[in-house]
Number of protein chains: 4
Amino acid sequence: MPTADQLLAAPVVDPPFDIVRAAGAELRVLDLAASEHFYVGLLGMLVADRTTDALYLRGWEERLHHSLILRRGPVAAAARLGFRVRAEEDLDRLASHLTGEGLHTSWAQEPDPGLGRVLRTFDPFGYPLEFFHAMTHCDTQLQRFDLHRGAPILRLDHLNLHTPRLEEAFAFWAALGFRCSEYISTDGEGERMTGAWLLRKPSVHDVALTAGRGPRLHHTAFWVGEPGGVTRACDQIAAAGHSDAIERGPGRHGVSNAFFVYLRDPDGHRIELYSCDYYTGDPDHAPLRWSVNDPRCRSFWGTRAPDSWYDESSLVLGPDGEPMPTEAADVDERDQRSEVLA
Amino acid sequence: MPTADQLLAAPVVDPPFDIVRAAGAELRVLDLAASEHFYVGLLGMLVADRTTDALYLRGWEERLHHSLILRRGPVAAAARLGFRVRAEEDLDRLASHLTGEGLHTSWAQEPDPGLGRVLRTFDPFGYPLEFFHAMTHCDTQLQRFDLHRGAPILRLDHLNLHTPRLEEAFAFWAALGFRCSEYISTDGEGERMTGAWLLRKPSVHDVALTAGRGPRLHHTAFWVGEPGGVTRACDQIAAAGHSDAIERGPGRHGVSNAFFVYLRDPDGHRIELYSCDYYTGDPDHAPLRWSVNDPRCRSFWGTRAPDSWYDESSLVLGPDGEPMPTEAADVDERDQRSEVLA
Amino acid sequence: MPTADQLLAAPVVDPPFDIVRAAGAELRVLDLAASEHFYVGLLGMLVADRTTDALYLRGWEERLHHSLILRRGPVAAAARLGFRVRAEEDLDRLASHLTGEGLHTSWAQEPDPGLGRVLRTFDPFGYPLEFFHAMTHCDTQLQRFDLHRGAPILRLDHLNLHTPRLEEAFAFWAALGFRCSEYISTDGEGERMTGAWLLRKPSVHDVALTAGRGPRLHHTAFWVGEPGGVTRACDQIAAAGHSDAIERGPGRHGVSNAFFVYLRDPDGHRIELYSCDYYTGDPDHAPLRWSVNDPRCRSFWGTRAPDSWYDESSLVLGPDGEPMPTEAADVDERDQRSEVLA
Amino acid sequence: MPTADQLLAAPVVDPPFDIVRAAGAELRVLDLAASEHFYVGLLGMLVADRTTDALYLRGWEERLHHSLILRRGPVAAAARLGFRVRAEEDLDRLASHLTGEGLHTSWAQEPDPGLGRVLRTFDPFGYPLEFFHAMTHCDTQLQRFDLHRGAPILRLDHLNLHTPRLEEAFAFWAALGFRCSEYISTDGEGERMTGAWLLRKPSVHDVALTAGRGPRLHHTAFWVGEPGGVTRACDQIAAAGHSDAIERGPGRHGVSNAFFVYLRDPDGHRIELYSCDYYTGDPDHAPLRWSVNDPRCRSFWGTRAPDSWYDESSLVLGPDGEPMPTEAADVDERDQRSEVLA
């Protein structure tokens, strides 16, 4: 396995396409009404559109049609992880790149409402990725403070992937032009990377890689304007009788500096409300290293995350529409228990 | 006129009745629907009850039936300033005291919904005061974060009176058992008090006296849990298209330390959203003096209040139901302009 | 045992003395320099005075000389729990009352700096109580925002006692004039009270009783102006390398509505930073009941407290200066595990 | 003059160099000790370096050596407005571009501490611009919450230019690759743009153009993590006796959504503390239009800015080291007073 140093020493790639940012996720849910209650009723997200089987949502700042799709399905799973590219031509160039990497690509036959061309693939680890440029524009509701509900959720921020082969995944995303802002690694000889925060937009990340059984989606994160919004969301969720949806936090991350809380939706999909990270847009912005043995890296205040946070994640759907089989990781990033497991 | 020192040197009175706190106000409004939009729609207060002519409101923390009455009337004015006493017997003892002071008292013939006996008087300056003990109890909504709207407004905090004869008013309230937490006075020989903060509950005040034309009600203040609630209220009011309702602030008071904003309702009645004052319950809590020439006493950050804040106030209704005539004050507390006017 | 209902149905006592509020604590510490680093360096409290063996501290709002004494000793323990009375004469009347209850009282021979007469006793459960009226006044530093450090800590708010005989302790404090704002009790026949919040000043409490092994001091709580101060304190403590001092939270209490965090000082003494409770000063303010099986009562967001929070507390010093022996409680208020233990 | 629509309809330029962001300013000050007191003592900025004549400062998040230079000089003025480019080669390409625009360029002979090559020019309006890529890296202090002082100031965010020929300036910056996020314009036929917010990094702006007498630097803005930091800074400044340094706010901008305050340093240079803007990195992010007659565009809460905010700005130094002469603008963006002046 390449060490953390080797991964970070690889030359920065400037690929011939431009992925702007993480831009969406599609979650399969068993009970769409329960999901609507959670995302719209409790979290206060905006409904962009709805069909019999699906709900299209966005945050209050967002100007594109939707960033989250909830679709009724027979099994709770993540069906799509979406990214926006700078221009239509980037889709074609990206398709070439992916094909060159030996991946199968396709164009969505029936794109969702608001969407133009959508390029789809399954990456080498089984994650169902999709890329688009064109999407219907909407008016921002950022300053409709009189209508805001919940934190409020302003916009999709990032996707976190539970991945059994983190080093390989790191290289895959680096080849797509993602840079690393922070990482966690084991100590001593042959440092193994156990977590990596990778970005296109100049925030801490668009994609995080968390070492663990996968391919699974660890969580989908939404941006909240300030720490007070994160705690307000918790107060509201608890007041409505759903305190069991609060899995971890609120707290301060060491990695990313974010003030956060993790929630679990009615199907167990994990949502992070995320605020307070920092600017990473300078070209020579150097990755910050955290030791997996530093109790502050995951929770700056030293609070241990519950085991569920390390163990549970959403399955992802494979090309056949069935959940992808998962494999275990040989390294784990549980705080203060960094032993290589296999 | 007694100087500030003389007023404060008077022995503390321990009267044979116990006024617990400022507990309500009745405002006469021209357009009840417009008022409902302001207090309920924009500020998010709870509706306790309503009749054809009146709306009964309270804050989210409050356990008594109402703290604010809006009643349709031919002229915008303050009709009642309410205080709660510790026990029913206190009403009788207070009635005796007021009669002894030469005031006319009466018992409300048709108390408002939720109220027991109500003792009414007009104080020597013309303010329409009322006192009660019994009021219907309600469940607090303090932790219904999922339902909260606005700042949210938690409870009535205090009443501020524009008074032309501040020294006399100070003595009147002192005889009712009110202590002074802070005051503003002119500098030099024969210091004139131009503002006084008087309390029964151990906060900075239940009644404030502001030197100026009166009798008029300068403002009714509601408690907000934290500064972020004050600014949230402003964001919501402005987003709803009513930024002209924001008269002064948000800001930090020097006096009281409060983080505040002043609003004007559709009839021009002034409302303060007020947070962050401090504990004053110790028996020897000494009054803090501010010089009227200290730019930080009214606005700790030095911001000048608009002239409207000094000049405009709500008329009060007299015994005949007509607005009381007002008289000018011979001293003014405008910052840095402390000259005795007459 | 009296049930919760029976305890609350007892007539409210209006004793012939007036205890104003909880006003101080003296903690014995093994390493005074380590304690100074924690309370002054990390928490930013003000140093009122120091001797070779003791440090006298107060919060930024406080106008009395000190509210916390740290004194070097051979064993970490709580040596005194202090309360202020309204007048000197209250001390004498209180002494009579305590004697009448069969307790031994004494007057401190060498009062600490800043203090006048100090009445001392050990209550029937072994808690070392003291009462005073006179203490040197100091200027408040509430508005020295330029000097504030830490949360900042504004003032002492309450003391929480771990007590094996909660019902008896409830009656003892009720006889001292303390009212109940909230309580936790078991469900079903013969409800046992497992927690009680008792007040003199009109906040949620001056003294809390927590069912458990005792007599022990569960924690000393300080008031912080807003939730942001509580999280800022955590950020600062963690940044300084002491995240292990953060035991529980930050979070929202169901009981009291407080936004809180619990810290452990170098000797294990527990400190709460506490904000956002509410007004309780009305004479008929009714106690709120929580079921011990309601996961929101201790942590509104449903977060479980660590076992240490239930199990560990500071011993108290007895008349001989040695730690008082403790006895177990037959009821416990651990959330969702309310079984009567013995 | 081109109308606002015409300016925005121009094709987006993708120049052969990449300016990353606004990255610094050099202010000339009369009394360096007074400036140090303001920026370091009151605002809590970090001192990166100092010489006899200059002070090099940065914010707590920043990883480059400095973002603000204060240099003693005979006249208070802005000497340099700095921008970072992506790579060394961008400097050469940019030099070619500027030469092609008819501008004189030069390379700094004695770059300041920490800096590599610095390309300098005076733009067609007289602003002293400089561009660099290489600067010494430093450790971020973002999470040294225990050491933070002031808001704290995290990083330089943008520069605001008072410009008499806004339309021409808009075209100049557009040719450098700056996009527009928001603008203010007059109403009716031939809309004149009176304010423009232009960006390279995906925030609301790196450079703002404000119609008015110029060339002058209206203000230098620093990023603060949350609104509470902005008000904390005001509290600290006022507590230290410098409330006169607070010129406008705190408040909410309509444009940019920022929660802000404007300060004046001892030489009158204007500093903005700025938080809460939003993501603008999508390629088709459309500019938001505000009418100059909308009272919410400058102050969402409707508060009028003081005249000083419109009238006063820092002179800029010309090629001879003397302040550049200024010319008046023929349009003004004062709220509700949008008449074309000349």
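Me: How many residues do chain A and chain D each put into their contact?
Reply: The contact takes 32 residues from chain A and 32 from chain D. Contact here means heavy atoms within 4.5 Å. This is a predicted model, where local features need pLDDT of at least 70, side-chain atom pairs count only at pLDDT 80 or more, and totals for chains, interfaces and linings use all residues. Residues are numbered from 1 along each chain as its sequence is written, chains are lettered from A and ligands numbered from 1 in the order written, and side-chain values use heavy atoms, with hydrogens and water left out.

Me: What area do chain A and chain D bury between them?
Reply: About 2800 Å², with 51% of it on carbon and sulfur atoms. Buried area is the accessible area (1.4 Å probe) that two parts lose on being put together, summed over both. On the chain A side, A:R63, A:Q143 and A:Y279 lose the most area to chain D. Together they make up 22% of what that side buries.

Me: How many salt bridges are there between chain A and chain D?
Reply: The count is 6. A salt bridge is a side-chain nitrogen of Lys or Arg within 4 Å of a carboxyl oxygen of Asp or Glu. One of them pairs A:R84 with D:D282, with the closest N and O atoms 2.9 Å apart.

Me: And how many residue pairs are in polar contact there?
Reply: The rule finds 20 across the interface of chain A and chain D, both residues at pLDDT 80 or more. A polar contact is a pair of N or O atoms within 3.5 Å; within protein, one must be able to donate a hydrogen and the other to accept it, and residues adjacent in sequence count only if both atoms are side-chain atoms.

Me: Which elements of chain A give two or more residues to that side?
Reply: β1 (19-29) and β17 (288-291) of chain A. Helices (H or I, at least four residues) and strands (E, at least two) are DSSP runs, numbered from the N terminus. By class, the side of chain A that touches chain D has 13 nonpolar, 8 polar and 11 charged residues. Ala, Val, Leu, Ile, Met, Phe, Trp, Tyr, Cys and Pro count as nonpolar, Asp, Glu, Lys and Arg as charged, and the others, Gly among them, as polar.

Me: Switching to chain D and chain C. How many residues are in contact?
Reply: 9 residues of chain D are in contact with 9 of chain C. The buried area is about 730 Å², and carbon and sulfur atoms give 61% of it. D:F145, D:D146 and D:A239 lose the most area to chain C, together 55% of what the chain D side buries.

Me: How many salt bridges and polar contacts there?
Reply: The rule finds 0 salt bridges across the interface of chain D and chain C. The count of residue pairs in polar contact is 0 as well, both residues at pLDDT 80 or more. The side of chain D that touches chain C divides into 3 nonpolar, 2 polar and 4 charged residues.

Me: What turn lays chain D on chain C?
Reply: A turn of 180°, with a shift of 0.0 Å along the axis and an RMSD of 0.0 Å. The two copies are thus related as by a two-fold rotation axis. In chain D, the C-alpha nearest the axis is that of D:G228, 4.1 Å from it. Copies are superposed by least squares on the C-alpha atoms of residues with pLDDT of at least 70 in both.

Me: Why do the copies meet through the same surface?
Reply: Because 100% of the interface residues of chain D are also interface residues in chain C.

Me: Back to salt bridges. Where do D:R264 and D:E247 lie?
Reply: Their side chains meet in a salt bridge at 2.7 Å, N to O. D:R264 lies in strand β15 (residues 259-264) of chain D and D:E247 in strand β14 (residues 246-252) of chain D, so the pair ties together parts that are 17 residues apart in sequence.

Me: Are those two buried or exposed?
Reply: D:R264 is buried, and so is D:E247. Buried means under 20% relative accessible area, exposed over 50%, partly exposed in between (1.4 Å probe, protein chains only).

Me: Which residues of helix α4 of chain D are buried?
Reply: D:L166, D:E167, D:A169, D:F170, D:F172, D:W173 and D:A175. That is 7 of the 10 residues of the helix (residues 166-175), so α4 of chain D is mostly covered. Just after α4 of chain D, D:G177 takes a positive phi of about 95°.
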